Amino acid sequence: MLSPFGWGEITLKDFETFFVGSLLVKPDLSHLETWPNLFISNKTFISFNWDLSDIKEKIEYILDNKHFLNEVTDYGQKNYFKYIGTNSKALFIKHFKKIIYD
């Protein structure tokens, strides 16, 4: 799934991609800090340069390395469900307390 841009770098399609277990491919997000951190380059999604200078190489690598593709999609989905699953409330409270008390 090549992530479309909406009102910002992150869109609902990104979350839908994690939900269904597809591969998310989108511009580099290293300038953003999010919680939960769902956007870990080469771990939960594949990033490319904003000027698209490396997108061809990234797509070729993905197509030639199915094992890597499966690892990224599996981890991306697992990481997403970690934060929307039954333990998500406890994770949020822990994170919120850390913000308040640190």
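Me: Does Asn 42 count as buried, partly exposed or exposed, and what is its relative accessibility?
Reply: In this predicted model, Asn 42 is found in the loop between β1 and β2. Buried means under 20% relative accessible area and exposed means over 50%. The value for Asn 42 falls in between, so Asn 42 counts as partly exposed, at 40%.

Me: What is the phi of Asn 42?
Reply: Most residues other than glycine have a negative phi. Asn 42 is not a glycine, yet its phi is positive, at about 65 degrees.

Me: Where is Leu 52 found, and what is its phi?
Reply: Leu 52 is found in the loop between β2 and α2, the helix of residues 55–64. Leu 52 counts as partly exposed, at 47% relative accessibility. Although Leu 52 is not a glycine, its phi is positive, at about 65 degrees.

Me: Which residues does a cis peptide bond join, and what is omega there?
Reply: Most peptide bonds are trans. A cis bond is found here with Pro 36, which is in the loop between β1 (25–27) and β2 (46–48). The bond joins Trp 35 and Pro 36, and omega is about -5 degrees.

Me: Why is α1 roughly perpendicular to α3?
Reply: Helix α1 covers residues 12–20 and helix α3 residues 66–84, and their axes lie 7 Å apart. The angle at which they pack is about 105 degrees. Angles of 65 to 115 degrees count as roughly perpendicular, and that makes α1 roughly perpendicular to α3.

Me: How many nonpolar, polar and charged residues are in the contact of α1 with α3?
Reply: From α1 come Phe 15, Phe 18, Phe 19 and Val 20. From α3 come Gly 76, Gln 77, Tyr 80 and Phe 81. By class, the contact has 6 nonpolar residues, 2 polar and no charged.

Me: Which elements give two or more residues to the largest nonpolar core?
Reply: In soluble globular proteins, nonpolar side chains tend to be buried together. The largest nonpolar core here has 8 residues: Leu 23, Val 25, Ile 46, Phe 48, Ile 55, Ile 62, Phe 68 and Val 72. The elements that give two or more of them are β2, α2 and α3.

Me: How many residues does the other core have?
Reply: This core lies apart from the largest one. Among its residues are Phe 18, Leu 29, Phe 39 and Tyr 80. Phe 18 and Tyr 80 also take part in the contact between α1 and α3. The number of residues in this other core is 7.

Terms used:
Residues numbered from 1 in each chain as written. Predicted model: local features only at pLDDT ≥ 70, side-chain atom pairs only at ≥ 80, totals over all residues. Heavy atoms only, no water. Axes fitted to C-alpha atoms, helices over the stretch in contact; angles between N-to-C directions. Helix = DSSP H or I, 4+ residues; strand = E, 2+ residues; numbered from the N terminus. Parallel < 35°, antiparallel > 145°, perpendicular 65-115°, else oblique. Contact = heavy atoms within 4.5 Å. Nonpolar A, V, L, I, M, F, W, Y, C, P; charged D, E, K, R; others polar. Buried < 20%, exposed > 50% of the residue type's maximum accessible area, 1.4 Å probe, protein only. Core = buried A, V, L, I, M, F, W, Y, C linked by side-chain atoms within 4.5 Å.
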